Amino acid sequence: MNALFDRIAARIDAKCEDLIALTQALVQIPTLNPPGENYREICGYLAERLGKSGFEVQLVRGEGTPGDSKKYPRWNVIARKEGAHAGDCVHFNSHIDVVEVGQGWTRDPFGGELIDGKIYGRGTCDMKGGLAASIIAAEAFIEACPDFHGSIEISGTADEETGGYGGVAYLAEHGHYAHVDHVIIPEPLQKDRICLGHRGVWWAEIETHGEIAHGSMPFLGDCAVRHMGAVLQEMETSLFPALARKHTAMPVVPEGARQSTMNINSFHGGQAEPEADFTGLPSACVPDRARMIIDRRYLIEESEEEVRGEVVDILERLKSERANFSYELREMWSVSPTMTQKDAPVVASVQKAVQQVLGKEAEYVVSPGTYDQKHIDRIGRLKNCIAYGPGLLELAHKPDEYIEVADMLDSAKVMAHSMVDLLTGEGA
Ligand SMILES: [Zn+2]
């Protein structure tokens, strides 16, 4: 194992220039999402690259998924390299989309400039650097070990930043993960951490009802905003403190997210905000509708029924106690929490690899928000999936986002070590 791995590590070091150029090329294709630009271009680029390295390549369009259109088709690329003997399939999945640029950049967001060992640009860290590292790792492994067992797959998928429905969810629904045994998602979780999963999500919209009347005689109507104020007050006095008391055994980072949380995503009541150039006054009306969207993140120790029940309890209590209180609750989106077991084969293998490459034990973490693991878990029904990749999560979606070349090299070695472990007879 060690002699073979040392040869592969040396190959990865020798591919440093290639790794930099590949990352730069990917960053220079602006795959902004929304709306989902240049997916075809980046998939074409990856297909050509991986085709040259001996992969069989397939382009799959997430037809009819949210956002898919003639102008913005949701393209994905899947590349597969078959080994010489039967064995497991190791799948590396990266999303190809990046979020908007935003303000505050001092570098060209799509330049991919290399300065002092760092490559700058939108998506360098989240997660084109991770994608490039997995490609270099796989190529180095295949060159050094052409008669490996099983197969290696690399996918570049659409729309992770907007839910992943045209990407990993579509592929999972269409059976593209059915034969996969191990999944590594090279999201920027840091080269010495293994991300086992994420918390759950429950989004809902609450609407309270009132009755419109003249604002000078509010007693002739019924104010929906005051009803919603009562909902908020209940949340402040009972729900938020209750959430703060619920702690999880999941190793969520940052630590503040090791409890249940809820964000009030939006709050609307009364007349709509006027256009910016409108100089008139609002008319005197009692609002008859108020709406609030809540973003509840829950723990593996809780169930979706419990989470929904807490909100329904508040609304039902108000209905019985408060005159004329009526409401509607619309559930918008939910994702179950997921956590791969520490003794799962892919976790054990990457843990061993981190120890070998970095000389330390990898820290186990769980993400406060969700990522594409949710679809692999839910539709692909595969419980052997982690996120592991170079880069600092704190830099994701920020101005002057960058990835360190040294981190990409290290994590590529970890990924390659893990392939030696899972796909050769030489696993230690
Ligand atoms: Zn990402």
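The following paragraphs lead through the overall build of this chain and then through some of its helices and their packing.

The model is a predicted one, and its protein chain contains ten helices and 16 strands. Measured out along the principal axes, the C-alpha trace extends over about 85 × 45 × 40 Å. Of the 428 residues in the protein chain, 46% are buried. Among contacts with a separation of 6 or more, 81% are between residues 24 or more positions apart.

A walk along the chain can begin with helix α1, residues 2-14, whose 13 residues reach 18 Å from the first C-alpha to the last, close to the 18 Å expected at 1.5 Å a residue. The buried residues of α1 are F5, I8, A9 and I12. Viewed down the axis of α1, these buried residues fall within an arc of 100 degrees, and they therefore line one face of the helix. The face of α1 turned away from that buried side carries A3, D6 and A14, which are exposed, while the cover over the buried residues of α1 includes helix α4 (124-144) and helix α10.

Helix α10 also serves as a packing partner for α2: the two pack at an angle of about 110 degrees, with their axes 11 Å apart. Since angles of 65 to 115 degrees count as roughly perpendicular, α2 and α10 are therefore described as roughly perpendicular to each other. Their crossing is right-handed, and the contact is made by C16, L19 and I20 on the side of α2 and by V405, M408 and L409 on the side of α10.

Helix α3, residues 39-52, can be read in the manner used for α1. At 1.5 Å a residue its 14 residues should span 20 Å, and the end C-alpha atoms are indeed 20 Å apart, so expectation and model agree. Within α3, the residues Y39, I42, C43, L46, R49 and L50 are buried. Because the buried residues of α3 fall within an arc of 130 degrees when seen down its axis, they line one face of the helix. On the face turned away from this buried side lie the exposed residues E48, G51 and K52. What covers the buried residues of α3 includes both helix and strand elements, namely α2 (16-27), β1 (56-61), β2 (75-82) and β6 (149-157). Just after α3, G54 adopts a positive phi of about 95 degrees.

Further along, the loop between β1 and β2 holds G64. Is this glycine buried or exposed? With 10 C-beta neighbours inside 10 Å, G64 counts as exposed, because the cut-off for that class is 12 or fewer. G64 and I194 are separated by 130 residues in sequence and by 34 Å in space, C-alpha to C-alpha.

The last packing to follow returns to α10, this time with α8 as its partner. The axes of α8 (residues 345-358) and α10 (residues 405-423) come within 8 Å and cross at roughly 130 degrees, and α8 and α10 are therefore oblique to each other. The crossing in which α8 passes α10 is right-handed. From α8, the residues that meet α10 include P345, S349, V350, K352, A353 and V354, and their counterparts in α10 include D410, K413, V414, H417 and S418.

Methods. Residues are numbered from 1 along each chain as its sequence is written. This is a predicted model: local features need pLDDT of at least 70, side-chain atom pairs count only at pLDDT 80 or more; totals for chains, interfaces and linings use all residues. Helices (H or I, at least four residues) and strands (E, at least two) are DSSP runs, numbered from the N terminus. The expected span of a helix is 1.5 Å times one less than its number of residues. A residue is buried if 20 or more other C-beta atoms lie within 10 Å of its own, exposed if 12 or fewer, and partly exposed in between; C-beta atoms are placed from the backbone. The arc is that of the directions from the helix axis to the C-beta atoms. Two residues are in contact if their C-beta atoms, placed from the backbone, lie within 7 Å. Axes are lines fitted to C-alpha atoms, for helices over the stretch in contact, and angles run from 0 to 180 degrees between N-to-C directions. Angles under 35 degrees count as roughly parallel, over 145 as roughly antiparallel, 65 to 115 as roughly perpendicular and the rest as oblique. A crossing is left-handed if the near helix is turned anticlockwise from the far one by less than a right angle, and right-handed if clockwise.
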